Amino acid sequence: MIQLKNVIKTYGNRNVVNDITFSINTGEIFGFLGPNGAGKTTTIKMVVGLLQPTSGEIWIGENNVLTDKKKIYQDIGVVFELPNLYMKASIKKNLKIFAELYHLHRSRVYEVMEDLQLLDKQKVKVEKLSKGWKQRVLIARALLHKPKVLILDEPTSGLDPNTAALIRNYIKQLNEGGTTIIITTHDMHEADELSHRVGIMNNGEMIAIGKPMELKDMYLKKEIRVEYMEEGNVIAKCLEIGIPETEELITQLNIQGKLISMNRSENSLAEVFAVLTGGQLS
Ligand SMILES: Nc1ncnc2c1ncn2[C@@H]1O[C@H](COP(=O)(O)OP(=O)(O)OP(=O)(O)O)[C@@H](O)[C@H]1O
Ligand SMILES: [Mg+2]
């Protein structure tokens, strides 16, 4: 559905997006990950036509983002990091302005306010809202014209866990209704929970792409945590699965009656991220 082909964005003499090629399938939630400055927001801005690539092509369905800009606006909704709302206007007014821009019936404003539980606060000026509520207004606004694709740049950053969970649930619900979602986040649990596939960007390059499970299998050792008795002490060790040394040790411990417990340790997307982007694991 969305295709990027050899996309480059250069600032000065630096390629902040350095020849990336990938696609996002219709109906999937795509988690777009990477350290600060990796190039995620720049890429997203190019996908939605807000920034012009230095070179390369971007397609949304049949439409080339560069040449069919008007057509893509019908297909996409966008939620960016910094709230760009009319601060002095109420929630309802903010939504109405956009509904008019898109020539939508005003009943649609009430529908989205209902969906995002904004009806009670509809008359409140946006400047008086907390970050989480502003975020809901931004999402409501992005969804007014029922876009096929919703792009969210760090939609849960800085939100309390309950509000973040509410937004995640809403994203899942939208996706179940058929909306394709692209989301950037620094929360690896969130990325793992939500994404059908993730792409990890680093220094302007897409360094890995796949289902979270596939990436864990590809980049992390599968380990098992064993606890056993040795000379009166309890020893805990992580052992690599699938190698003869581990099988031998476990068999020995079992025979000798020394084995206390064995637990398959769960690999996390945060570990994949750390391995691929050179971060330190604490
Ligand atoms: N207008 C600009 N002029 C020059 N450099 C820019 C400009 N916009 C972004 N950059 C640089 O491009 C790089 C990528 O930035 P970008 O905002 O895309 O990163 P990001 O992956 O979204 O990071 P974060 O996780 O912090 O949001 C950064 O080094 C940034 O400083
Ligand atoms: Mg960003």
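Of the 282 residues of the protein, 45% count as buried in this predicted model. The fold comprises 10 helices and 13 strands. Along the principal axes, the C-alpha atoms occupy a box of roughly 75 × 45 × 30 Å. The surface exposed by the protein amounts to about 14900 Å², of which carbon and sulfur atoms supply 49%. When contacts between residues at least 6 apart in sequence are considered, 65% of them join residues at least 24 apart.

The pairing of strands was examined at the start of the chain. Strand 1, which spans residues 2-11, runs antiparallel to strand 2, and 8 bridges join the two. Within this pairing, Ile8 of strand 1 has Asn18 of strand 2 as its bridge partner. The two strands form a hairpin, with 2 residues between them. Gly12 lies in the turn of this hairpin and has a positive phi of about 60°. Strand 1 is also joined to strand 4, residues 55-60, by 5 bridges, and this pair again runs antiparallel. Here Lys5 stands opposite Glu57 of strand 4. Strand 1 is thus paired with strand 2 as well as with strand 4.

The surroundings of ligand 1 were considered next. There are 14 residues around this ligand, and those that come nearest are Gly37, Lys40, Thr41, Thr42 and His186. By class, the shell consists of 4 nonpolar, 6 polar and 4 charged residues. Two elements, strand 2 (14-24) and helix 1 (40-47), each supply at least two residues of the shell. Helix 1 gives the most, with 3 residues. Strand 2 therefore appears in two settings, as a partner of strand 1 in the hairpin and as a contributor to the shell around ligand 1.

Polar atoms of the protein approach oxygen atoms of the ligand at several places. An N or O atom in the side chain of Lys40 is 2.7 Å from an oxygen atom of ligand 1. For Gly39 the approach involves the backbone, with a polar atom 2.9 Å from a ligand oxygen. In the case of Glu154, a polar side-chain atom lies 3.4 Å from an oxygen atom of the ligand. Taken alone, ligand 1 exposes 640 Å², and the protein buries 63% of that area.

Two further residues illustrate burial in different kinds of element. Asn267 is placed in the loop between strand 13 (259-264) and helix 10 (269-277). Asn267 counts as buried because its relative accessible area, 11%, falls under the 20% cut-off. Not counting residues up to four places away in sequence, Asn267 touches Lys216, Leu220, Lys221 and Lys222. With Lys221 there is a polar approach as well: a polar atom of the Asn267 side chain lies 3.4 Å from the backbone oxygen of Lys221.

Ala164, by comparison, lies in helix 6, residues 161-176. Its relative accessibility is 6%, under the 20% limit, and so Ala164 is also classed as buried. Apart from neighbours within four places in sequence, Ala164 is in contact with Thr156 and Leu159. The C-alpha atoms of Ala164 and His145 are separated by 23 Å, the two residues being 19 apart along the chain.

Conventions: Residues numbered from 1 in each chain as written. Chains lettered and ligands numbered in written order. Predicted model: local features only at pLDDT ≥ 70, side-chain atom pairs only at ≥ 80, totals over all residues. Heavy atoms only, no water. Near = heavy atom within 4 Å. Polar contact = N/O pair within 3.5 Å; in protein donor to acceptor, adjacent residues only side chain to side chain. Areas by Shrake-Rupley, 256 points an atom, 1.4 Å probe, with all protein chains shown as cover. Helix = DSSP H or I, 4+ residues; strand = E, 2+ residues; numbered from the N terminus. Nonpolar A, V, L, I, M, F, W, Y, C, P; charged D, E, K, R; others polar. Buried < 20%, exposed > 50% of the residue type's maximum accessible area, 1.4 Å probe, protein only. Contact = heavy atoms within 4.5 Å. Pairing = 2+ DSSP bridges.
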